[in-house]
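Here are some comments on the model, written for a colleague who will read them beside the coordinates. They are set out as numbered points, and a question opens the discussion.

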Amino acid sequence: MPHYDNVNEANTQSDRRSSDRFPIEREVRYRVLSKRSGEETGAGKTVNMSSCGVLFTTAAVASAGRRLELR
């Protein structure tokens, strides 16, 4: 079993995504795209980005699988 002194090193070696991720930190605003719920919006900060997605943090708990608009 490998031992990692750095969590990022462990994530990098086990990450099998097909797109490279770039550590880009920017302020972001989001809106949940849903006709059923009311206007859900929030703000956060990006952690990294790739051609296939964006990882960002936010103070609010977001539901998995929801479609978002990011600005």
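Which residues does Gly44 touch, if residues up to four places away in sequence are not counted?

1. Not counting residues up to four places away in sequence, Gly44 touches Arg26, Glu27, Val28, Thr57 and Thr58. Please keep in mind throughout that this is a predicted model, and that the values quoted below are computed from it.

2. The position of Gly44 can be read from the strand pairing, since this residue is found in strand S2, where Gly44 is the bridge partner of Val28 and also stands opposite Thr58 in S3. Val28 and Thr58 both appear in the list of residues that Gly44 touches. The C-alpha atoms of Gly44 and Val28 are separated by 5.3 Å, although the two residues lie 16 residues apart along the chain. With a relative accessible area of 13%, Gly44 counts as buried, because the cut-off for that class is under 20%.

3. As for the overall layout, the chain holds 1 helix and 4 strands, and the order of the elements from the N terminus on is α-β-β-β-β. Of the 71 residues in the chain, 17% are buried. When contacts are restricted to residues at least 6 apart in sequence, 48% of them join residues at least 24 apart.

4. The strand pairing deserves to be set out in full. S1, which covers residues 27-32, pairs with S2 in the antiparallel sense over 5 bridges, and within this pairing Arg31 stands opposite Thr41 in S2. S2, residues 41-50, is joined in turn to S3, residues 53-58, by 6 bridges, and these two strands also run antiparallel. S2 and S3 form a hairpin with 2 residues between them. S1 is further joined to S4, residues 68-70, by 3 bridges, again in the antiparallel sense, with Val32 standing opposite Leu68.

5. Which side chains of S1 point to the buried face, and which point to the other? The side chains alternate along this strand, so that Val28, Tyr30 and Val32 point to one face and are buried, whereas Glu27, Arg29 and Arg31 point to the other and are not, buried here meaning under 20% relative accessible area.

6. Asn48, which is found in strand S2, is a polar residue that merits a check of its own. Why does Asn48 count as buried? Its relative accessibility is 15%, and Asn48 is therefore placed in the buried class, which takes values under 20%. The side chains of Asn48 and Arg21 are joined by a polar contact of 2.5 Å, a distance that a colleague preparing the model for calculation may wish to look at in the coordinates. Leaving out residues up to four places away in sequence, Asn48 touches Arg21, Phe22, Pro23, Ile24, Val54 and Leu55.

7. Ser50 likewise belongs to strand S2, and its relative accessibility of 16% means that Ser50 counts as buried. In S3 the bridge partner of Ser50 is Gly53, while the side chain of Ser50 reaches the backbone nitrogen of Cys52 at 3.0 Å. Once neighbours within four places in sequence are left aside, Ser50 is in contact with Ser19, Asp20 and Arg21. Arg21 is thus shared with Asn48, which also touches Arg21.

8. The last point concerns the second largest pocket, which has a volume of about 180 Å³. Its lining consists of 13 residues, of which Val32, Ala62, Ser63, Arg66 and Leu68 lie nearest the centre of the pocket. Two of these, Val32 and Leu68, stand opposite each other in the pairing of S1 with S4, and Val32 is among the buried side chains of S1. How does the lining divide by residue class? The lining of the second largest pocket comprises 8 nonpolar, 3 polar and 2 charged residues.

Technical notes: Residues are numbered from 1 along each chain as its sequence is written. This is a predicted model: local features need pLDDT of at least 70, side-chain atom pairs count only at pLDDT 80 or more; totals for chains, interfaces and linings use all residues. Side-chain values use heavy atoms; hydrogens and water are left out. On a 1 Å grid over the protein atoms alone, a cavity is a set of points where a 1.4 Å probe fits but cannot get out, and a pocket is an open set with protein on both sides within 12 Å along at least five of seven lines; lining residues have an atom within 4 Å of a point. Grid points are joined across faces, edges and corners, and a volume is the space filled by probe spheres set on the points. Ala, Val, Leu, Ile, Met, Phe, Trp, Tyr, Cys and Pro count as nonpolar, Asp, Glu, Lys and Arg as charged, and the others, Gly among them, as polar. Buried means under 20% relative accessible area, exposed over 50%, partly exposed in between (1.4 Å probe, protein chains only). A polar contact is a pair of N or O atoms within 3.5 Å; within protein, one must be able to donate a hydrogen and the other to accept it, and residues adjacent in sequence count only if both atoms are side-chain atoms. Contact means heavy atoms within 4.5 Å. Two strands pair if DSSP finds at least two bridges between them.
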